[in-house]
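Work through the exercises below with the model open beside you. Try each task before reading its solution.

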Amino acid sequence: MKFKTTRNMMINTLLICLVSLFSYCKKDSNNTLANNTPYTQYGTPFAGVPNTQDAIIYQVNIRAFSNDASLKGVTARLDSIKALGANVVYLMPVYPVGVLKSAGGLGSPYAVKDYKSVNSEFGNMDDLKALVDAAHSKNMAVMLDWVADHTSWDNAWISNKSWYKQDASGNIIPPTGTNWTDVAALNFDNQDMRKAMIDAMEYWVYNANIDGFRCDAADFVPFDFWKQANDALKTISTHKLLMLAEGTRGDHFKAGFQMTYGMAWYSTIESKVYAGNGSVTQLSALNTSEYSGAFNGSQVVRYITNHDVYNSDGNPIALYGGKIGSMAAFLVSAYMKGVPMIYNGQEVGCTRGIDFFYHTPIDWGTNPDMTAEYKKIIAFRKNSDAVRNGDLATFSSDDVAVFAKSTSKEKVLVISNLKNNTVAYTVPAGLNTTSWKNAFTGASVSLNGTLALQPYQHMVLTQ
C-alpha cells in the first residue's frame with residue numbers, strides 16, 4: 001500500500017511536470033518570434049500607439065514631401081504633421097526600387113528590390129531610425145507601407161523561381177489582371193517564401209522600431225497568409241502594432257487587420273455624389289457594407305484622396321468643387337464613421353501634380369485658411385468621445401449629409417451641403433425646434449422648420 005501510494009505520488013509529480021513543460025513549450029511556441037528572434041530591438045517600443053478609433057493617419061509620399069525627397073525632409077516637418085492633429089505617420093515604401101522594367105521616371109516605389117534595406121534615394125537606415133525616434137518623441141506612431149503581392153524583377157528572391165507565379169511555360173509573370181509589368185507576382189503556395197516575407201516584416205519592427213504596416217494590394221494576397229503574418233506579428237508582445245489592409249475583402253478583419261480601406265466610400269462620395277450628382281443618402285449604406293465582418297475595434301479608413309487617386313483622378317480641389325467643397329467632403333468623411341486619412345498636401349489645398357514616380361515637391365505655403373480648418377476639424381474629433389465612439393443616427397437628404405453622433409454625455413450634429421447650389425434642408429421631426437451651439441464659433445444655432453444652406457456650407461453643432 002505504501003509502495004502504491006508512493007508510485008501514485010511519483011506519477012502525479014511526473015504529470016505535473018509534463019503539463020508544466022507542455023505549457024511552457026506552448027507559450028514558447030506562441031512567442032517564438034519575440035523570444036527567439038535573430039534581431040535585437042532598436043530603441044524602446046512606443047507606448048503611445050493610438051487605439052484604432054482614435055487614429056488620425058497622415059500619408060507621406062517621400063518623393064513629394066520635401067525639396068530633397070528624403071527621410072530627413074520628413075523628419076524636419078514632423079511638427080507640422082503633429083500640429084495638424086495626426087497621430088499616425090504612414091510612409092509610402094522606403095525600400096530600394098527595382099531597375100528592371102521600371103514604369104517610368106524613378107520607378108514605382110511598389111517595385112521592391114530588397115525588403116530589408118532603405119532606398120538610398122531617401123537616405124539610410126539611421127535616417128529612418130531618426131525619423132521614427134522623432135515621431136515617437138512627438139507622440140506619433142509610424143507605419144511602413146508593405147508590398148506583399150509582388151517584387152521587382154531584380155529582387156534577389158527571383159533566383160528562387162518557385163517563390164513566384166509562373167505561366168504554363170514556366171515563365172515568371174506579373175500580377176494577373178494588371179498592367180504592372182515592372183513587378184513579378186509572388187507565389188503564396190510556397191512556404192519558404194511566406195517565412196521570408198514574415199521575417200522581413202519582423203525585421204522592421206525590431207530594427208527600426210516601427211508601429212505597424214499599411215499592406216498594399218491586400219485583396220491580391222490570400223487570406224491564410226495574412227492570418228499567418230498577423231498571428232506572427234502579434235507574438236511580438238513588446239509592440240502594439242497597427243495593421244491596415246489596402247483592400248475591401250470581407251475576410252481582412254478575420255485575418256487580423258484592425259483597419260481596411262474605404263474604397264467604396266471614396267468612389268461613392270467622389271464619383272456618385274459630387275461628380276455624378278447622386279443622392280447623398282448613398283453614403284449611409286456604406287456604414288453597414290464597409291464594416292462587413294468587423295469586430296469590436298475594427299475600423300474603415302476613409303479618405304477623399306490618396307497617392308493613387310490623386311494621380312488618376314485629380315486633386316481634391318478639382319474633384320470636390322473647390323476649397324469649400326473639399327472641406328465639406330472631408331468633414332463628412334472624418335466624422336461619420338471610421339478613421340480619417342490625409343494625403344500630404346491635401347491640407348494646403350495642393351493642386352499641382354504629385355506623382356510618386358517623380359520628385360514633385362509640395363508648396364507648403366498655400367491656403368493657410370484650409371490648414372486652419374483642417375486643424376479645427378481634427379482637433380474637435382480628437383476631443384469628442386461622441387464623434388469617435390458615439391452611436392450614429394443619419395438624417396441625410398439627397399443633397400445634404402446630416403448625422404448625429406451621441407453618447408450619454410455629448411451629442412454632435414454634422415450638417416454638410418455636398419452640392420454646388422443653395423439647398424433648403426427640411427429639418428426632421430427628431431431635430432426640429434432644438435437648440436445647439438456651433439462647435440467652432442460658439443454661436444447659438446436653432447433648428448426649426450427649414451434650414452437654408454449655401455453651396456457646400458458645412459457646420460458642426462453640439463449639445
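Contact means heavy atoms within 4.5 Å. This is a predicted model: local features need pLDDT of at least 70, side-chain atom pairs count only at pLDDT 80 or more, and totals for chains, interfaces and linings use all residues. Residues are numbered from 1 along each chain as its sequence is written, and side-chain values use heavy atoms, with hydrogens and water left out.

**Exercise 1. Place Asn209 and list what it touches.**

Step 1. Asn209 sits in the loop between H7 and strand S6 (212–216). Helices (H or I, at least four residues) and strands (E, at least two) are DSSP runs, numbered from the N terminus.

Step 2. Is Asn209 buried or exposed? Its relative accessible area is 1%, so Asn209 is buried. Buried means under 20% relative accessible area, exposed over 50%, partly exposed in between (1.4 Å probe, protein chains only).

Step 3. Set aside neighbours within four places in sequence; the contacts of Asn209 then include Gln41, Tyr42, Gly43, Val132, His136, Trp204 and His239.

Step 4. The side chains of Asn209 and Gln41 share a polar contact of 3.2 Å. Such a contact is a pair of N or O atoms within 3.5 Å; within protein, one must be able to donate a hydrogen and the other to accept it, and residues adjacent in sequence count only if both atoms are side-chain atoms.

**Exercise 2. Describe helix H6 from end to end.**

Step 1. H6 covers residues 125–137. Its 13 residues reach 18 Å from first C-alpha to last, close to the 18 Å expected at 1.5 Å a residue. The expected span is 1.5 Å times one less than the number of residues.

Step 2. Asn124 caps the N-terminal end: a side-chain oxygen lies 3.1 Å from the backbone nitrogen of Asp126.

Step 3. Buried residues of H6 include Leu128, Val132 and His136. Their cover includes helix H4 (71–76), strand S3 (141–147) and helix H7 (191–207).

Step 4. Just after H6, Asn139 has a positive phi of about 65 degrees.

**Exercise 3. How do the axes of H9 and H10 cross?**

Step 1. The axes of H9 (residues 263–274) and H10 (residues 282–289) come within 10 Å and cross at roughly 170 degrees. Axes are lines fitted to C-alpha atoms, for helices over the stretch in contact, and angles run from 0 to 180 degrees between N-to-C directions.

Step 2. H9 is therefore roughly antiparallel to H10 (angles over 145 degrees).

Step 3. Residues making the contact include Trp265 and Ile269 of H9 and Leu283 and Leu286 of H10.

Key: Angles under 35 degrees count as roughly parallel, over 145 as roughly antiparallel, 65 to 115 as roughly perpendicular and the rest as oblique.
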